[in-house]
Amino acid sequence: MPGADKEADLTERIEAFLADLKRGGCGTGPIRGSGETARETTALLRKVTAQARWSSAGDLMEIIRKEGRRMTAAQPSETTVGNMVLRVLKIIREEYARSRGSSEETDQQESLHKLLTSGGLSDENFRQHYVHLKANVIEAINELLTELEGTTDNIAMQALEHIHSNEVIMTVGRSRTVEAFLKDAARKRKFHVIVAECAPFCQGHEMATNLSKASIETTVIADAAIFAVMSRVNKVIIGTQTVLANGGLRAVNGTHTVALAARHHSTPLIVCAPMFKLSPQVVITTVVRNRIILSKVNVHCPVFDYVPPELITLFISNIGGNAPSYIYRLMSELYHPEDHDL
Amino acid sequence: MEECLVEYFRTQMRTDPDMASAVAAIRTLLEFLRRDKGETILGLRESLKWATDCLTEVDSSVAVSSGGELFLRFISLTSLEHQDLSRCKKVMEERGELFLEKISLSRTKVAKLCHTFIKDGAKILTHSSSRVVLRVLEKAAAEKKRFTVYVTESQPDTAGKQMADALRRLNVPVTVVLDAAVGYVLEKVDLVIVGAEGVVESGGIINKIGTYQMAVCSKAHNKPFYVVAESFKFVRLYPLNQQDVPDRFKYKADTLRTVSDLSDEHPMIDYTPPSLITLLFTDLGVLTPSAVSDELIKLYL
């Protein structure tokens, strides 16, 4: 039966994705970039919307939440998966509200204003059936996919405003976003890049190779030399794994050091992060990996660092530049507060 | 008329000692609204303003004032929608009850948000006695987290001792410290949680005297300083320093009435600027201090 085939195909795709996620985090480093993870998650959610059986928005949201929980459980440190699920849930809410004819304002955040003026304890149960809801949701998800595909280019386009000639830029480890950013600026400006190698996986080496292929003067330094070199640096531009709700970062190990050194020398710290990295979490648990190198020595190797928002000067995302104190506002536009705990 | 109002307010505070003073004020004003025989909306607003002034004479805290202003705002917003007074009053009474119902749940919402920040084995410092902080710690204890609490004694009314008693009843290990010992104890502490009597537009807070000191010390020691407050405590003040906080909030109502020279009196509250606060936990969510003014703008503009 064609119906059963499609369902089997869908479950197969989801299982393959989950297995991939589980593998992606363990090993010698991330196998795939977070951009690809975000795109795959969204494409998968679109497939679920198209093929799963649901009659009302409430059912669809339940299905998406269930799949979302499975996906986040497979790889908790990969927050982009959870973020995309939240985006899709918000899309469903918006499309439902639009179908109902109510303005989008009524379904927004809790606010004092809403507390005072609402007529009843709004128990939105999303039970009503609308014929065009499926098509609208799928169209909105397609728009989201287009946005995801363009994020790196959108960020790179802003490079010329921030990088000037003869500047010395410092970066940490390897970030595809920062790489594109610097390559775009290199088309019209000449500048120097210092890359901190970021032991023990030394992704900085790969970054330096890629940058020098684009004819950018690059220097690789050891992590211990970050503070020593910082006095000569004009700007620090870094990528991150996640942007937290308070404007802080969860970034690769060593970023906090760079941030503190930059603060000490009053060097601006610019973070290039696309919007899909924005996560509603605030509390973070460090991911630690142990390697026993000698039988009596335990080596702690945390993968991520927390950087508090006070150390960051500017966030450059696909929608423009923002201060860390504004992140809470962007978050309220992307996600609905009731979805924050999947 | 005035005694009736004041008596109702006092009864509310007595029957439910757990109720916030702002909630009692709003409840009193709602009752006043029900009994009011005015014929025009303007007359209604005038009498409500008078009623709020009566209440602030009884209890001069910031919370009562913010509760009163919120209620007035509520009246204005509702009166814009319905022109006819009797219809308007009916809607106001319904919505008022609904509003009271929602805000009675706010402490639970705050506790739900905040308790995840208390990790197992944490040492917490708090100031004076705050029912919201107590609720947060109750929730954390219910989640089987082990933590110890240091409470400042909080002169001149030694409210900290009440907090300590309440915590002992929950089987939480608690130590009462002198107000002067805050700097001494901060090196042992992991996080600081305080309540607030009022949250001002800048994102700063107005709270029992000694809070500012605690905030400055925690900044110096790099410890997170968390504030827990319900959303009805947001008030339209923008103080830039301690002097800017109006005198009517700084001293108790009796003091304001009887004493002529306030420079000899000890203020009961102080202002903590937003730069010293890490996060605010409210029933509207976890907010950074910069988000507070956003909320106030959404309401008052």
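This is a short tour of a predicted model, going from the whole of chain A to a single leucine in chain B. Residues are numbered from 1 along each chain as its sequence is written, chains are lettered from A in the order in which they are written, and side-chain values use heavy atoms, with hydrogens and water left out. Because the model is predicted, local features need pLDDT of at least 70 and side-chain atom pairs count only at pLDDT 80 or more, whereas totals for chains, interfaces and linings use all residues.

Begin by selecting chain A and showing it as a cartoon, where you can look for twelve helices and twelve strands, taken as DSSP runs (H or I of at least four residues for helices, E of at least two for strands). Of its 342 residues, 51% count as buried, that is, under 20% relative accessible area with a 1.4 Å probe and protein chains only.

Next, colour chain A by pLDDT, the predictor's confidence in each residue on a scale from 0 to 100; the mean for the chain is 84, and 86% of its residues reach 70 or more. Then select residues 25-29 of chain A, where the pLDDT is below 50 and where the model has five contacts beyond near neighbours in sequence, a contact being heavy atoms within 4.5 Å.

Now move to chain B and select helix α13, residues 289-300, in which B:L296 lies. B:L296 is buried, with a relative accessible area of 3%. Show B:V200, B:E201, B:F234 and B:V235 as well, since B:L296 touches these four, leaving aside residues up to four places away in sequence. Finally, pick B:L284, which is twelve residues from B:L296 in sequence and 12 Å from it in space, C-alpha to C-alpha.

Definitions and conventions. Buried < 20%, exposed > 50% of the residue type's maximum accessible area, 1.4 Å probe, protein only.
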